[in-house]
Amino acid sequence: MNADAPVGDEIDSLHRMVYRPISQFEALQEANRCLYCYDAPCTKACPTHIDVPAFIRKITTKNLQGSARVIMEANPVGASCARVCPTEQLCEGACVLQKNAVPIRIGDLQRYVTDFARDRDLTLFSPGPSSGKRVAILGGGPAGLSAARELARFGHTVTIYEQKPHLGGLDTYGIVPFRLPVDISLWEVEQVRKLGVEMVTGVRVGQDVDFNHIVNSFDAVVLAVGMGTVPKLNIPGEELEGVWDALALIEQVKSGLFKGSLGEHVVVIGAGNTAIDAATSACRLGVPEVEIYYRRTQREMTAYPSEFNFAKQEGVGFHWLSLPKQILGQGGRVTGIEFLKARFAEDNNGRPVPVPILGSEFVVPTDGVIRAIGQSRVTEFLQSSGIKTEHGVISVNSNGQTSHPKVFAAGDCIFAKGHSEAMVVEAAQQGKIAAASIHRFLSEKNG
Amino acid sequence: MADLSVNVAGIHSPNPFWLASAPPTNSGYQVMRAFEAGWGGAVWKTLGDPIVNVSSRFAGLNWKGSQMVGISNLELITDRPLADNLREIREVKRAFPDRALIVSLMVDPVREQWHEIVKQVQDVGVDGLELNFGCPHGMAERGMGSAVGQVPEYVQQNTEWVMEVAQVPVLVKLTPNVTDIRYTARAAVKGGANAVSMINTINSLIGVDINTWSPTPSVDIMGAHGGYSGPAVKPIALHMVSECARDPHVNVPISGIGGVSTWQDAVEYLLLGATSVQVCTAVMNHGFRIVEDMIDGLNNYLEARGIAAVTDLIGKSVPRVTDWGRLNLNYQVAARIDQEVCIQCNKCYIACEETAHQCIDQVPQANGKTMLVVDEEECVGCNLCAMVCPVEGCITMTDVSTGVASMSWQQRQAQTWTDVSL
Ligand SMILES: Cc1cc2nc3c(=O)[nH]c(=O)nc-3n(C[C@H](O)[C@H](O)[C@H](O)COP(=O)(O)OP(=O)(O)OC[C@H]3O[C@@H](n4cnc5c(N)ncnc54)[C@H](O)[C@@H]3O)c2cc1C
Ligand SMILES: Cc1cc2nc3c(=O)[nH]c(=O)nc-3n(C[C@H](O)[C@H](O)[C@H](O)COP(=O)(O)O)c2cc1C
Ligand code: SF4
């Protein structure tokens with residue numbers, strides 16, 4: 001790994017994994033418990049449709065290489081997903097044993113198998129015979145990698161443009177190290193690189209290279225730029241030292257670049273998974289008191305129940321119905337944050353919206369404020385291309401095709417805000433869909 | 001990809017995995033599905049004079065949460081008209097010309113009847129025939145199946161009748177319900193068989209319902225002995241395959257049957273001399289899709305060892321199967337317990353203490369736990385502790401031979417004899 005690679009073994013608590021790996025003994029016992037259902041609900045519930053019974057059966061026959069192939073075939077970032085997927089909402093939530101017993105620990109088994117493949121650095125796939133077609137992928141996160149892997153296997157020549165020094169997107173830079181160590185993500189990147197995919201790093205499309213130029217130079221393009229930084233709260237005091245963008249903080253922590261201290265007390269604004277990740281990172285950085293303030297209630301928060309429970313176990317406090325009014329400071333540093341209490345009113349669509357209660361101001365003295373209220377869109381660079389977007393979300397049809405026939409999109413950049421959270425596994429699946437559509441598109445153009 | 005193709009006495013198959021003649025190969029629809037799933041060959045459900053089956057037919061032996069460790073069945077040969085079967089066989093062969101399609105046959109032990117059915121089946125274009133001299137119930141009561149298969153002379157006679165008209169390779173499928181399978185195997189070879197397959201099902205009565213007192217499977221309130229198959233029979237079948245493989249008089253290819261569920265089972269069969277394997281119970285339990293891992297696992301196994309072709313496995317363990325009297329009496333192993341991984345379940349302790357040779361000690365530790373320590377001087381190397389240990393790799397049987405030259409019982413007897421005669 002290069003010198004600029006994300007590292008971080010200085011801070012051990014940051015790398016103490018949330019879940020310990022399953023032992024061989026446990027893996028075999030658990031695998032033998034699998035019923036090997038036909039038309040299995042776990043496979044249907046997985047957005048990438050990993051053949052779960054097949055990969056588990058291969059554990060029982062000690063064909064771990066074959067097992068890893070089944071997983072990674074369906075999901076090019078299957079090693080990361082084994083750790084970050086909300087399995088209780090997906091495969092494990094669908095397990096038929098849920099009814100009479102305990103669901104199979106599919107995520108743990110998937111981790112066991114992909115760890116085996118990583119430890120031995122198995123090469124699981126090979127590129128297809130060259131088609132002579134060239135495809136550019138913008139963004140090297142899960143969506144881009146997944147598309148690249150599939151396109152390379154179809155035989156197309158693939159170039160990924162990535163603004164960061166490393167690929168992997170949020171898997172490499174955004175998901176906290178104690179849930180997803182960086183080497184897992186980078187192994188998946190190497191698996192894709194081995195297929196002959198060219199990876200151009202440190203290049204920001206729209207800034208260092210013109211988007212329209214790329215569209216003209218390639219046979220097809222995949223937009224997989226994800227989302228951007230955390231938007232501002234738009235309240236006074238955000239320029240103070242001690243106010244953090246959650247993603248910037250996590251990135252520094254994960255890259256081992258974070259030095260110094262966050263102080264004795266930190267407030268996190270928001271209640272999605274990013275907020276949980278920022279709050280638990282703060283805990284693991286040694287902040288004694290970490291509190292999450294959210295403008296709605298536990299019911300509306302988008303963090304998964306397992307994430308919520310994990311944060312509580314790590315010692316994070318939760319406060320509901322609180323609207324930030326201003327960040328207070330002294331000598332350029334944060335000293336506190338003022339909130340207004342909120343109550344629910346109904347908006348035009350009958351949805352509950354938090355409205356401030358007049359005169360309910362209260363101040364929380366604090367050393368740091370981390371904003372974690374979602375992510376901004378990074379699609380301005382598309383404006384001159386005429387590609388259709390809606391509130392910054394790229395519009396696509398069910399094949400992942402944008403309004404420009406040559407341009408496809410996948411991952412967080414097509415994720416329209418709803419009640420759920422964006423997921424790595426969805427990005428992976430969309431990358432596969434975009435790749436399959438491009439393959440069809442290019443084959444049709446040929447024939 | 002390693003070369004997985006095999007050739008059983010002229011029957012070519014892209015991989016060694018065949019479906020055994022049984023309910024999974026009852027119809028064209030099923031065999032087509034199996035071939036789509038990847039099976040290299042199939043032996044069609046035994047054809048003959050269509051019979052009437054009973055209901056219910058099977059019962060499973062469940063053991064500690066594992067279903068169908070063995071099953072017993074009362075099913076007979078096909079209950080479908082010959083013409084339907086022949087039409088479907090032709091269709092399947094046309095759709096899958098690269099797979100091995102073998103048809104199992106059973107008729108009365110009458111020369112003309114054999115000639116008649118062999119000709120009819122050959123006409124539709126099959127790759128081989130398998131003579132079912134094995135069905136241990138029902139058909140045997142009618143003088144067929146194992147009633148023929150248990151008597152070497154009948155086996156030879158019936159095989160000869162078939163060979164008089166056979167134009168494709170013929171396998172003789174043997175019954176395990178005999179004292180020494182080599183006699184019937186040799187008889188099949190003498191009769192002209194091109195290959196032998198084994199085993200058919202084993203006589204069994206799988207259980208009694210302790211509430212109703214009816215044997216299982218029950219037909220009305222009655223039961224009858226059935227044929228036993230599944231993982232539980234594999235050791236019996238492996239023994240029979242290896243006995244035939246090392247018998248110079250059974251010098252024909254073997255198709256191994258009995259309890260095959262995984263690629264590892266197949267590797268064992270091949271190492272002990274089988275050229276292909278046949279599967280019934282495992283697909284009845286899990287469906288045809290298990291063949292995907294069988295092919296994948298076998299290929300990965302071969303590639304990992306740099307073995308180019310699966311045929312390179314065939315018979316590799318046969319020279320290592322010998323008679324007891326030739327085993328080295330001076331070889332000695334002793335159990336070693338890896339304290340790092342031991343979970344102190346004490347299962348090895350009680351096994352050795354009460355049922356073996358009292359050579360594992362419970363040594364109290366400062367932390368209140370006990371450490372299990374083997375007295376290697378006393379250990380006879382029976383393997384029992386390693387067998388009861390639930391933790392893989394915890395107990396290893398280690399070679400502690402003293403370097404004394406190898407000496408078998410036979411050699412010792414010969415020496416004693418020499419000593420005495422001096
Ligand atoms: C803090 C946090 C925690 C999360 N936890 C989980 C979790 O536990 N489980 C889960 O399933 N999901 C989680 N997610 C969501 C998940 O990370 C995303 O859904 C997923 O990474 C989306 O993949 P993507 O490839 O679309 O985008 P990204 O991973 O964001 O990758 C986009 C890539 O494009 C690059 N890029 C952007 N613009 C340009 C440009 N103009 N030129 C060149 N390169 C560009 C970026 O640098 C980045 O590498 C989490 C997200 C966050 C923020
Ligand atoms: C329900 C059932 C029906 C069977 N019918 C036949 C048959 O018609 N002809 C035959 O040669 N063997 C028959 N067999 C035996 C199988 O082909 C096979 O030899 C035996 O089941 C052992 O293999 P297994 O352990 O993989 O099941 C039957 C087995 C079962 C379980
Ligand atoms: S499997 Fe069940 S449903 Fe099907 S024939 Fe047998 S008893 Fe009937």
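Here are some numbered notes on this predicted model, going from chain B as a whole down to individual contacts.

1. **Chain B overall.** Chain B carries 13 helices and 20 strands. Its C-alpha atoms fill a box of roughly 75 × 65 × 45 Å along the principal axes. Of the 422 residues in chain B, 51% are buried. Take the contacts in chain B between residues at least 6 apart in sequence, and 72% of them turn out to join residues at least 24 apart. The chain exposes about 19,500 Å², with carbon and sulfur atoms supplying 52% of that area.

2. **Helix α2 of chain B.** This helix covers residues 82–95, and its length checks out: at 1.5 Å a residue, 14 residues should span 20 Å, and the end C-alpha atoms are indeed 20 Å apart. Which residues of α2(B) are buried? They are Leu82(B), Asn85(B), Leu86(B), Glu88(B), Ile89(B), Val92(B) and Lys93(B), so do note Glu88(B) and Lys93(B) sitting under the 20% cut-off along with the leucines. The cover over these buried residues includes α1 (28–37), β4 (41–47), β7 (100–105) and α3 (111–123) of chain B.

3. **An aromatic pair involving α3(B).** Trp114(B) and Phe133(B) meet edge-to-face, at 6.0 Å centre to centre and with 90° between the planes. Trp114(B) belongs to helix α3 of chain B, while Phe133(B) is in the loop between β8 (128–132) and α4 (146–149), so the pair ties together parts that are 19 residues apart in sequence. Both Trp114(B) and Phe133(B) are buried.

4. **Aromatics in chain A.** Over all chains, the count of aromatic pairs comes to 15. One of them is Tyr294(A) with Trp320(A): the ring centres are 6.4 Å apart and the planes sit at 80°, which makes the pair edge-to-face. Here both partners are in loops, Tyr294(A) between β7 (289–293) and α15 (305–314) and Trp320(A) between β8 (317–319) and β9 (322–330), so the contact ties together parts 26 residues apart in sequence. Tyr294(A) counts as buried at 10% relative accessibility, whereas Trp320(A) is partly exposed at 25%. Tyr294(A) and Trp320(A) also belong to one aromatic cluster with Phe308(A) and Phe318(A).

5. **A salt bridge within a helix.** The whole structure has 43 salt bridges over all chains. In one of them, Arg33(A) pairs with Glu30(A), the closest N and O atoms being 2.9 Å apart. Both residues lie in helix α1 (residues 24–33) of chain A, 3 residues apart, or about one turn of the helix. Buried or partly exposed, for Glu30(A)? Its relative accessible area is 9%, so Glu30(A) is buried. Arg33(A), at 29%, counts as partly exposed.

6. **A salt bridge between chains.** Glu292(B) bridges to Lys58(A), with 3.0 Å between the closest N and O atoms. Glu292(B) is in helix α10 of chain B and Lys58(A) in helix α3 (residues 52–60) of chain A, so this pair joins two chains. Lys58(A) is buried, at 0% relative accessibility, while Glu292(B) is partly exposed, at 33%.

7. **A longer-range bridge in chain B, then a network.** Arg336(B) forms a salt bridge with Glu376(B), and the closest N and O atoms are 2.5 Å apart. The two are 40 residues apart and link distant parts of the chain: Arg336(B) is in strand β17, Glu376(B) in the loop between β19 (370–374) and α12 (384–388). Arg336(B) is partly exposed at 36%, and so is Glu376(B) at 30%. Elsewhere, salt bridges that share partners join Lys58(A), Arg69(A), Glu73(A), Arg149(A), Glu150(A), Arg153(A), Glu292(B), Asp293(B) and Asp296(B) into one network.

8. **A nonpolar patch on chain B.** Which residues form a nonpolar patch on the surface? They are Trp324(B), Leu327(B), Leu329(B) and Trp409(B), with about 430 Å² of accessible area together. Leu329(B) lies in the loop between α10 (290–304) and β17 (333–337) of chain B. With a relative accessible area of 36%, Leu329(B) is partly exposed.

Terms used
Residues numbered from 1 in each chain as written. Chains lettered and ligands numbered in written order. Predicted model: local features only at pLDDT ≥ 70, side-chain atom pairs only at ≥ 80, totals over all residues. Heavy atoms only, no water. Patch = residues over 30% accessible without salt bridge, like charges linked within 9 Å, V, L, I, M, F, W, Y side chains within 5 Å. Areas by Shrake-Rupley, 256 points an atom, 1.4 Å probe, with all protein chains shown as cover. Salt bridge = Lys/Arg side-chain N within 4 Å of Asp/Glu carboxyl O. Helix = DSSP H or I, 4+ residues; strand = E, 2+ residues; numbered from the N terminus. Buried < 20%, exposed > 50% of the residue type's maximum accessible area, 1.4 Å probe, protein only. Expected span 1.5 Å × (residues − 1). Contact = heavy atoms within 4.5 Å. Phe/Tyr/Trp six-rings, centres within 6.5 Å; stacked < 30°, edge-to-face > 60°.
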